[in-house]
Each structure stands twice: as structure tokens, then as C-alpha cells.
Amino acid sequence: MATELALFRFDNELRRRPEDAEEQVHLTPAYVLDPVRAVLGGRIELDPCTTADNPVGADRFYALPDDGAALPWSAATVFCNPPYGEARVRWVRRCAEAGAAGSRVVLLVPAHTDTRIWHEAMTSATSLLFIKGRVKFGLPRANGRQVAASHPSALIGWNVDLRQADQLGSAFLLRDEPPSAHVDIPLGL
Ligand SMILES: C[S@@+](CC[C@H](N)C(=O)[O-])C[C@H]1O[C@@H](n2cnc3c(N)ncnc32)[C@H](O)[C@@H]1O
């Protein structure tokens, strides 16, 4: 078992698994979802990547075979728990774009603080929460077991203050609002 885990962690083919792989379904448990919904004002208008039974209970949702990362995200509140591995990059970018457009967004991702996409998100997010303990995702596997994630998790927020969910872990306000999408770059730089 330990050897299998070690091999998984160093197998880049697994980290690059496609978005539609069964292992991409990590359902957000209620103990995380309830405080997130409260931070979003009690209502999740859009879940852009989920299963057809809409387990998050969002007003609107996208599921495969539709590509939620390529469809419109115009919504007042968005909760996104995207596919894992390198597949998450375009979802993180869509969250930042939705935040720049004024949506209130909460993104649940592995707390991989050494990655480029993590640091890209930090340039515009308004708040951040490191979840205490490993999240026990609802994994609809044949044996029905819930397995704790093999990675630490974080919530990244745009136009929300995740300190309101600090029962989940350590939360920080990063800035009052996302920087303007239109940055004036001085000539000559
Ligand atoms: C980590 S799970 C999150 C599920 C649910 N949103 C939740 O938080 O419980 C990611 C989900 O995204 C779905 N998915 C993967 N690629 C997608 C795409 N291009 N468009 C929409 N959904 C997608 C997967 O099938 C999977 O159900």
C-alpha cells in the first residue's frame, strides 16, 4: 500500500490524468460545503464542474460532456472544486476572471503552494483559508469508502472574506478587492 502511494506521487502520467477520469470526482463534503455556502451569502448560483446529479445543490451547474470551463460563468456566486492535477489550471484562471468581473467566488484546491498556478491565483484573490486536516471527500467508489485526501486543501476566495469560515482552518484577508483587470503598464518597461 505504502509503495503504491509512493509510486502514485511520482507518476506524472497519473498527475496528468484527463478531466473525465473517474478519479476526478471528489465530492465536497457537507462540513466544508456548508460554511462555503454561508460565506457566499447562503446560495451557490453556479457550480461549473460537477456531476449530473448536482451534489452541491447549485442553482445552475455544468457537467460533462459539456465543458464548464468554456461556458459562460455570469453568476453572482460561484463555487468551484475543479478536476485535479494539471487539469485544474484553466479552472483556477476562470475563477480569477470571474472574480475580476465582480462575482463572489470560492475555489477549493490542493494547497500546493509551490506551483505557478497557486502564485498566479494569489495575485488577485481577496482571501485564503488553509483547511485543517485532510478533507474527506465523498468518493463514489465501488467500496463506498470515504478516503481522506492525500494532499492538504485550501479555499481561495474572490470578493469574499473566508475568515467567516475560520471554523475550517486558518483564514487570511489578502486584499479588499481584486486588482483592476486593466493594468496600465508604463511605456519603456
Ligand atoms: C472534484 S469534482 C467536484 C464535484 C462537485 N462540484 C463537488 O464539489 O462536489 C470535479 C468534477 O468536475 C467534473 N468535470 C470534469 N471536467 C469537466 C468539464 N470540462 N466540465 C464540467 N465538469 C467537469 C468531473 O466529472 C467531476 O464531477
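Which residue in β8 is the bridge partner of Leu128? The tour reaches that pair after some preliminaries.

**Before selecting anything**

The model is predicted: local features require pLDDT of at least 70 and side-chain atom pairs count only at pLDDT 80 or more, whereas totals for chains, interfaces and linings use all residues. Residue numbers start from 1 along each chain as its sequence is written.

**The whole chain**

Display the protein chain as a cartoon; five helices and nine strands should appear. Helices (H or I, at least four residues) and strands (E, at least two) are DSSP runs, numbered from the N terminus. Their order from the N terminus is α-α-α-β-β-β-α-β-α-β-β-β-β-β. Of the 189 residues, 33% are buried; a residue is buried if 20 or more other C-beta atoms lie within 10 Å of its own, exposed if 12 or fewer, and partly exposed in between, with C-beta atoms placed from the backbone. Among contacts with a separation of 6 or more, 70% link residues 24 or more positions apart, a contact being two C-beta atoms, placed from the backbone, within 7 Å.

**Helix α3**

Select residues 30-39, which form α3, and colour its buried members: Val32, Leu33, Val36, Arg37 and Val39. These residues lie on the same side of α3 because they cover an arc of only 155 degrees around the axis, the arc being that of the directions from the helix axis to the C-beta atoms. An α-helix has 3.6 residues a turn, so residues three or four places apart point the same way. Turn to the other side of α3 to find Ala30, Tyr31 and Ala38 exposed. Next, add β3 (77-80), β4 (104-110) and β8 (153-158), against which the buried residues of α3 pack. Just after α3, Gly41 has a positive phi of about 85 degrees.

**Along the paired strands**

Centre the view on β4, where six of the seven residues are buried. Strands pair if DSSP finds at least two bridges between them. β3 and β4 are parallel, with four bridges; Cys80 has Leu107 in β4 as its bridge partner. Add helix α4 (residues 89-100) to see a right-handed β-α-β unit formed by β3, α4 and β4. Right-handed here signifies that, with the strands pointing away from the viewer, the path from the first strand over the helix to the second runs clockwise.

Move from β4 to β8: these two run antiparallel and are joined by six bridges, with Pro110 partnered by Ser153 in β8. Then select β5 (residues 127-131), which is antiparallel to β8 and joined to β8 by four bridges. Here the opening question is settled: the bridge partner of Leu128 in β8 is Ile156. Continue to β9 (residues 169-173), which pairs with β5 in the antiparallel sense over five bridges; Ile131 stands opposite Gly169.

**The ligand shell**

Show the ligand and the 22 residues around it, of which Glu19, Cys49, Thr50, Gly68 and Asn81 come nearest. A residue is near a molecule if its C-beta atom, placed from the backbone, lies within 6 Å of it. β1 (46-50) and β2 (60-63) each supply at least two shell residues, and β1 gives the most, with three.

**A last stop at Gly138**

Select Gly138 in the loop between β6 (136-137) and β7 (147-148). Gly138 counts as partly exposed because it has 16 C-beta neighbours inside 10 Å. From C-alpha to C-alpha, Gly138 and Ala148 are 9.2 Å apart in space and 10 residues apart in sequence.
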